[in-house]
Structure formats: C-alpha cells, structure tokens
Amino acid sequence: MPIAEGGRMPNTQDLPQPVESLLNRAVGLPDPAERARLRLAGNLTQAEVAEALGVHRVQVARWETGRAEPRQPHRQTYARLLHGLATKFPQQT
C-alpha cells in the first residue's frame, strides 16, 4: 500500500470510494446460528434488532437462518452489534 503524504499509512478517509466499499463489504459475520444465539443471549427480539438497524424483522430472520446475507450499510452495523454481543456473551464450550 502506498504511503500517504507525510510518511504515514492512509486511513479510511484517504481511501478511494471503491476501496472503502470493498472493505465495508468484507466485514465478517458469524454463521447464522451464532447470530441467533447472540441475539437471544442478549435477550433481544428480532424486531428490536430490526428496528435498531432500520430493516424489517423478516430480514433479521433471514440473516439468522442463512436465507440471506446483510448488505451495506446494514452489514457493518449488524457486525458491530454482533461483535458487542459476542464480547458480552462468549460461546460456552
């Protein structure tokens, strides 16, 4: 990656929009069953998650069954929510 002016690595504000778009799309998510587990561990309903993300409840249900994958801008926000829940409710082994 080229070094930005001043000898520093570029941050996301320095990246061209197509690169930023690819980085956002590459946000990893847990598998669908883990998404549901995390939501339930946080005592959240699909409707609550949907409202917070600005989507319909059925969309969250599809994400949790693997019938659909979230797209931007919801993917990044959903990943952030799931990461926060995973931190609070790690999977029991």
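**Where α2 meets α5**

In this predicted model, R35, L38 and R39 of α2 are in contact (heavy atoms within 4.5 Å) with Y78, L82, L85 and A86 of α5. By class, this contact has five nonpolar, no polar and two charged residues. Here Ala, Val, Leu, Ile, Met, Phe, Trp, Tyr, Cys and Pro count as nonpolar, Asp, Glu, Lys and Arg as charged, and the others, Gly among them, as polar. The two helices pack at an angle of about 65°, and their axes are 9 Å apart. For these values, axes are lines fitted to C-alpha atoms, for helices over the stretch in contact, and angles run from 0 to 180 degrees between N-to-C directions. The crossing of α2 and α5 is left-handed, a term for a near helix turned anticlockwise from the far one by less than a right angle, with clockwise being right-handed.

A word on conventions: residues are numbered from 1 along each chain as its sequence is written, and side-chain values use heavy atoms, with hydrogens and water left out. As this is a predicted model, local features need pLDDT of at least 70 and side-chain atom pairs count only at pLDDT 80 or more, while totals for chains, interfaces and linings use all residues.

**The chain as a whole**

The chain has five helices and zero strands, taken from DSSP runs numbered from the N terminus (helices are H or I, at least four residues; strands are E, at least two). Of its 93 residues, 29% count as buried, meaning under 20% relative accessible area, with exposed being over 50% and partly exposed in between (1.4 Å probe, protein chains only). Among contacts between residues at least 6 apart in sequence, 56% join residues at least 24 apart.

**Helix α4 and its cover**

Which residues of α4 are buried? In this helix, residues 57-65, they are V60, A61, W63 and E64. Seen down the axis of α4, these buried residues fall within an arc of 160°, so they line one face of the helix; the arc is that of the directions from the helix axis to the C-beta atoms. Their cover includes α2 (32-41), α3 (46-53) and α5 (74-88). After α4 comes G66, with a positive phi near 85°.

**One aromatic pair**

The structure holds one aromatic pair. The ring centres of W63 and Y78 are 4.7 Å apart and the planes stand at 40°, so the pair is tilted. Rings of Phe, Tyr and Trp (its six-membered ring) pair if their centres lie within 6.5 Å; planes under 30 degrees apart count as stacked, over 60 as edge-to-face and the rest as tilted. W63 belongs to α4 and Y78 to α5, so the pair ties together parts that are 15 residues apart in sequence. Both W63 and Y78 are buried.

**Three residues in α2 and α3**

Here are the relative accessible areas of R39, A47 and E48.

| Residue | Helix | Relative accessible area |
|---|---|---|
| R39 | α2 | 10%, buried |
| A47 | α3 | 41%, partly exposed |
| E48 | α3 | 43%, partly exposed |

Not counting residues up to four places away in sequence, R39 touches L44, T45, Q46, V49, E64 and L85. One of these, E64, is among the buried residues of α4, and L85 belongs to the α5 side of the contact with α2.

A47 and R57 are ten residues apart in sequence, and their C-alpha atoms are 4.9 Å apart in space. For E48 and V60, twelve residues apart along the chain, the C-alpha separation is 9.8 Å.
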